[in-house]
Amino acid sequence: MIAYIIRRVLYAIPILIGVNLITFVLFFVVNSPDDMARMHLGVKRVTQEAIEKWKAERGYDKPLMVNEQAAGMGKVTDTIFFEKSLALLAFEFGRADDGRSIGREISARMWPSLAIAVPTLIIGIGVQISFALLLAFFRGSYIDLWGVVICIIMMSISGLFYIIGGQYLISKLWRLAPISGYDMGINAFKFIVLPVIIGVIGGMGAGIRLYRTLFLEELGKDYVRTARAKGLSEVRVLFTHVLKNAMIPILTGVVVILPILFLGSLILESFFGIPGLGSYTIDAIQAQDFAVVRAMVFLGSVLYIIGLLLTDISYTLVDPRVRLN
């Protein structure tokens with residue numbers, strides 16, 4: 001297993017370099033360093049001298065990827081790409097355009113994001129799997145039919161409706177939770193309850209339908225018929241055999257959303273005024289702060305790779321037939 005992990009880590013290096021390169025190219029195709037300077041200095045009455053000074057102070061006065069004026073390796077190293085992007089491979093996030101340390105901001109903002117992401121993920125998956133098993137148990141009945149109809153309705157409703165409706169009912173009408181804001185420590189609980197509830201409800205429709213399909217597919221296999229022939233109850237067949245054999249696609253689906261959860265739900269954090277990584281990313285995009293954008297894209301890529309590795313390892317735990325070699 002150690003050799004497998006080392007091999008996967010080595011595979012990740014060219015992937016991260018490629019992500020860095022694509023992020024750099026896409027950002028500077030849309031924005032030039034002059035555009036970034038005008039954004040920070042103000043569009044009106046900005047002089048070329050002020051633009052050049054802003055670029056020189058932040059290291060954007062160099063060529064993007066190839067410095068024709070430099071000699072030797074300087075053609076590659078004396079560029080914005082080398083100085084701003086490759087340092088990320090050593091997890092040196094650098095500073096934002098406002099001078100603040102990006103690493104320190106990430107350390108501070110990751111906790112509000114995790115405070116919402118972890119309970120939303122755990123409670124959400126538990127609720128979705130429970131309802132999916134219930135629909136699979138009553139498959140073909142009116143309960144199953146109306147369950148699917150409700151799931152489709154929930155999937156068809158915009159996430160903004162859940163947020164606005166939740167804020168109106170729970171915060172404004174019933175006054176059970178603050179409508180927005182955040183506080184540290186135990187006081188954070190009252191601010192994260194409503195975003196977590198909305199996050200769980202918003203993901204129920206698609207999640208229940210997905211897991212119901214997985215469970216129904218497993219119910220049609222030979223091992224289920226064998227289990228029933230042995231006289232096992234339907235509940236035991238579902239929870240002991242079907243759920244266990246459906247864990248691999250469930251784990252795969254969970255890994256896909258892990259980076260998104262860590263970076264915070266962008267819309268939820270914006271609507272509820274939570275100072276997490278999601279709102280940090282949105283603010284950076286609006287301010288055209290390339291340093292923060294590239295750092296968050298890189299961090300998301302690292303988390304995705306780690307998630308895939310953990311998923312592959314977990315496959316061996318839920319299915320002994322899987323071998324990492």
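## Close-up views of a predicted model

**View 1. Val149 sits in helix H7.** Val149 lies in helix H7, which covers residues 142-156. The model shown here is predicted. Val149 has a relative accessible area of 30%, so the residue is partly exposed. That value falls between the cut-offs of 20% for buried and 50% for exposed. Gly205 is 56 residues away from Val149 along the chain. In space, the C-alpha atoms of Val149 and Gly205 are separated by 9.5 Å.

**View 2. Confidence across the model, from H7 to H12.** The protein has a mean pLDDT of 85. A pLDDT of 70 or more is reached by 96% of its residues. Among the elements, H7 has the highest mean pLDDT, at 94. Helix H12, residues 247-262, has the lowest, at 74. Where pLDDT is low, the predicted coordinates should not be read in detail.

**View 3. The second largest pocket and its lining.** This pocket has a volume of about 220 Å³. Which helices each supply at least two residues of the lining? They are helix H1 (2-30) and helix H15 (290-318). The lining includes Arg8, Val9, Ala12, Ile13 and Leu16. Leu89 and Phe91 are also among the lining residues. So are Phe298, Val302, Ile305, Ile306 and Leu309. By type, the lining has 11 nonpolar residues, no polar ones and one charged. Residues three or four places apart in an α-helix point the same way, because the helix has 3.6 residues a turn.

**View 4. Helix H15, end to end.** H15 has 29 residues. At 1.5 Å a residue, H15 should span 42 Å. The C-alpha atoms at its ends are 42 Å apart, so the expected span and the model agree. Is H15 largely enclosed or largely open? Of its 29 residues, 21 are buried, so H15 is largely enclosed by the rest of the structure. At the start of H15, look for Asp289. A side-chain oxygen of Asp289 comes to within 3.3 Å of the backbone nitrogen of Ala291.

**View 5. Asp312 and its partner Tyr4.** Asp312 is found in helix H15. Is Asp312 buried or exposed? Its relative accessibility is 18%, so Asp312 counts as buried; the cut-off for buried is under 20%. The side chains of Asp312 and Tyr4 are joined by a polar contact of 2.7 Å. Ser113 is 199 residues from Asp312 in sequence. From C-alpha to C-alpha, Asp312 and Ser113 are 25 Å apart.

Note on methods. Residues numbered from 1 in each chain as written. Predicted model: local features only at pLDDT ≥ 70, side-chain atom pairs only at ≥ 80, totals over all residues. Heavy atoms only, no water. 1 Å grid on protein atoms, 1.4 Å probe; cavity = no way out; pocket = protein on both sides within 12 Å on 5 of 7 lines; lining within 4 Å. Points joined across faces, edges and corners; volume = space filled by probe spheres on them. Helix = DSSP H or I, 4+ residues; strand = E, 2+ residues; numbered from the N terminus. Nonpolar A, V, L, I, M, F, W, Y, C, P; charged D, E, K, R; others polar. Expected span 1.5 Å × (residues − 1). Buried < 20%, exposed > 50% of the residue type's maximum accessible area, 1.4 Å probe, protein only. Polar contact = N/O pair within 3.5 Å; in protein donor to acceptor, adjacent residues only side chain to side chain. pLDDT = per-residue confidence, 0-100.
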